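Here is a friendly walk through one protein model and the ligand it holds. Have a look at the sequence and the structure first, and then we can go through the details together.

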Amino acid sequence: DAEALQAQFDDVIARNERIEPRDWMPDGYRATLVRQIAQHAHSEIIGMQPEGNWITRAPSLRRKAILLAKVQDEAGHGLYLYSATETLGTSRDELTEKLLSGAQKYSSIFNYPTLSYADVGTIGWLVDGAAICNQVPLCRTSYGPYGRAMIRICKEESFHQRQGYELLMTMMQGTDAQREMVQESVDRFWWPALMMFGPPDADSPNTARSMAWGIKRNTNDDLRQRFVDMTVPQAQVLGVTLPDPQLRWNEERGAHDFGEPDWEEFMRVVKGNGPCNAQRVAHRRRAWEDGAWVREAATAYAARSAVLGAS
Ligand code: ACO
């Protein structure tokens, strides 16, 4: 009965074991997973745009090969994650429709423009660095297919982060103009990267429940702090300044103090009014519509093969 099923579910969560697709789960647990995993998948797919924008203008064959591989990895991440949501009973078509209608979100960070090639490096270093901070704990999430997808995704994200840092390191050893380009890029991406972790814990409606269910393993503020502490020494080695006058080591806390991101800007971007929201969604819509004939042809072919196979 319902109570026994709930007790069994609670027991799996309490023992830190995995819930699998065929297991009974509360409706709220399923809905939260679909929301978070779909948002994550959409972020990977929309996230191809800001960097894809530079593939044709990469400064060398080597940089182009790296960037192409990275953007293709992001498509792969989106696909694993859409597959994980399919195990919860939603189709990829349904999720894409929800992305295009604005019913589902994607990460705020991808609504900022990429203005120079240094942005490719900064996105790798800061944006993929933040993604790793957020996603390594998700390898231990309570839903099996999501956790297993995260393991592979995190390995590839580590490569993305390294290639970004290496790109910036190379530019920092170049000319003054290149060093300025890196600093200008870091100045633009620092605060939006901090916003990736979501609103402060006090304003995060989902965190407590998602943590009780073992979907999230840390709060937004905890992960943001971890990211700042990890990034400060990397910025020093690189020789760039993080644009926060309040940033300093706090001996007592054993962590860095830092300033408050502009949460009004965050809300504006999340609600659809960031610098590139309209452009990102329009581009995705165009790709979806242009691909309609492929989906129709594949479906017709599958149906015909099934009939021929059966006879
Ligand atoms: N961009 C857009 N929306 C956001 C962001 C963000 N950076 N942060 C929070 N939100 C949204 C939440 O989705 C939620 O809205 P919803 O209820 O309509 O879905 C609302 O703001 C309130 O936030 P929280 O209650 O804190 O939401 P949640 O518990 O889901 O935490 C978080 C947000 C930390 C992003 C979580 O969903 C998560 O860890 N997701 C998986 C990682 C991910 O999606 N990464 C994508 C970017 S990284 C990359 O792809 C390279």
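## Contacts around Leu-126

Before we start, one term is needed: two residues are in contact when heavy atoms of theirs lie within 4.5 Å. Please also keep in mind that this is a predicted model.

With that in hand, take Leu-126, which sits in helix α6. Which residues does Leu-126 touch, once its neighbours within four places in sequence are left aside? They are Phe-189, Trp-190, Ala-193, Phe-227 and Thr-231. For Phe-189, the C-alpha atom lies 7.6 Å from that of Leu-126, although the two residues are 63 apart in sequence. Leu-126 counts as buried because its relative accessibility is 0%, and the cut-off for buried is under 20%.

## The ligand and its shell

Now to the ligand. It is surrounded by 29 residues, and the closest of them are Gln-39, Lys-105, Ser-204, Lys-216 and Asn-220. Sorted by class, this shell holds 12 nonpolar, 13 polar and four charged residues.

Several polar atoms of the protein lie close to oxygen atoms of the ligand. For Ser-204, a polar side-chain atom is 2.7 Å from a ligand oxygen. Asn-134 also places a polar side-chain atom by a ligand oxygen, here at 3.0 Å. Asn-206 uses its backbone instead: one of its backbone N or O atoms is 2.9 Å from an oxygen atom of the ligand. On its own the ligand has 950 Å² of accessible area, and the protein covers 90% of that. Three elements give two or more residues to the shell, namely α2 (27–46), α6 (118–135) and α11 (263–273). The largest share, six residues, comes from α2.

## The nonpolar cores

How many residues make up the largest nonpolar core, and which of them touch the most other members? The core has 48 residues, and the best-connected ones are Trp-125, Val-182, Phe-227, Val-240 and Leu-242. Many helices contribute two or more residues to this core: α4 (61–86), α5 (92–101), α6, α7 (144–172), α8 (176–195), α10 (220–238), α11 and α12 (277–290). The most comes from α6, with eight residues.

Val-182 shows what such a position looks like. Leaving aside neighbours within four places in sequence, Val-182 is in contact with Ala-118, Leu-168, Met-171, Met-172 and Val-240. Apart from this core lies another one of 27 residues, including Phe-9, Ile-13, Ile-37 and Leu-138.

## Helix α1 and the loop after it

Ile-13, one of the members of that 27-residue core, belongs to helix α1. Is Ile-13 buried or exposed? At 14% relative accessibility, Ile-13 counts as buried, because the cut-off is under 20%. Beyond residues up to four places away in sequence, Ile-13 touches Ile-19, Tyr-29, Ser-142, Ala-212 and Trp-213. In the case of Trp-213, the partner is 200 residues away along the chain, yet the C-alpha atoms of the pair are separated by 6.6 Å.

The loop between α1 (2–14) and α2 holds Met-25, and Asn-16 is found in that loop as well. Met-25 is buried, with a relative accessible area of 3%, whereas Asn-16 counts as exposed at 53% relative accessibility. Asn-16 has a positive phi of about 60°, although it is not a glycine. Not counting residues up to four places away in sequence, Met-25 touches Phe-9, Ile-19, Glu-20, Arg-30, Leu-88 and Tyr-143. Cys-139, by contrast, has its C-alpha atom 20 Å from that of Met-25, and 114 residues separate the two along the chain.

## Asn-250 in strand β1

The last stop is Asn-250, which lies in strand β1 (residues 248–250). Asn-250 is buried, with a relative accessible area of 18%. What does Asn-250 contact beyond its neighbours within four places in sequence? The partners are Ala-255, His-256 and Asp-257. With Asp-257 there is also a polar contact, in which the two side chains are joined at 3.0 Å.

Terms used. Residues numbered from 1 in each chain as written. Predicted model: local features only at pLDDT ≥ 70, side-chain atom pairs only at ≥ 80, totals over all residues. Heavy atoms only, no water. Near = heavy atom within 4 Å. Polar contact = N/O pair within 3.5 Å; in protein donor to acceptor, adjacent residues only side chain to side chain. Areas by Shrake-Rupley, 256 points an atom, 1.4 Å probe, with all protein chains shown as cover. Helix = DSSP H or I, 4+ residues; strand = E, 2+ residues; numbered from the N terminus. Nonpolar A, V, L, I, M, F, W, Y, C, P; charged D, E, K, R; others polar. Core = buried A, V, L, I, M, F, W, Y, C linked by side-chain atoms within 4.5 Å. Buried < 20%, exposed > 50% of the residue type's maximum accessible area, 1.4 Å probe, protein only.
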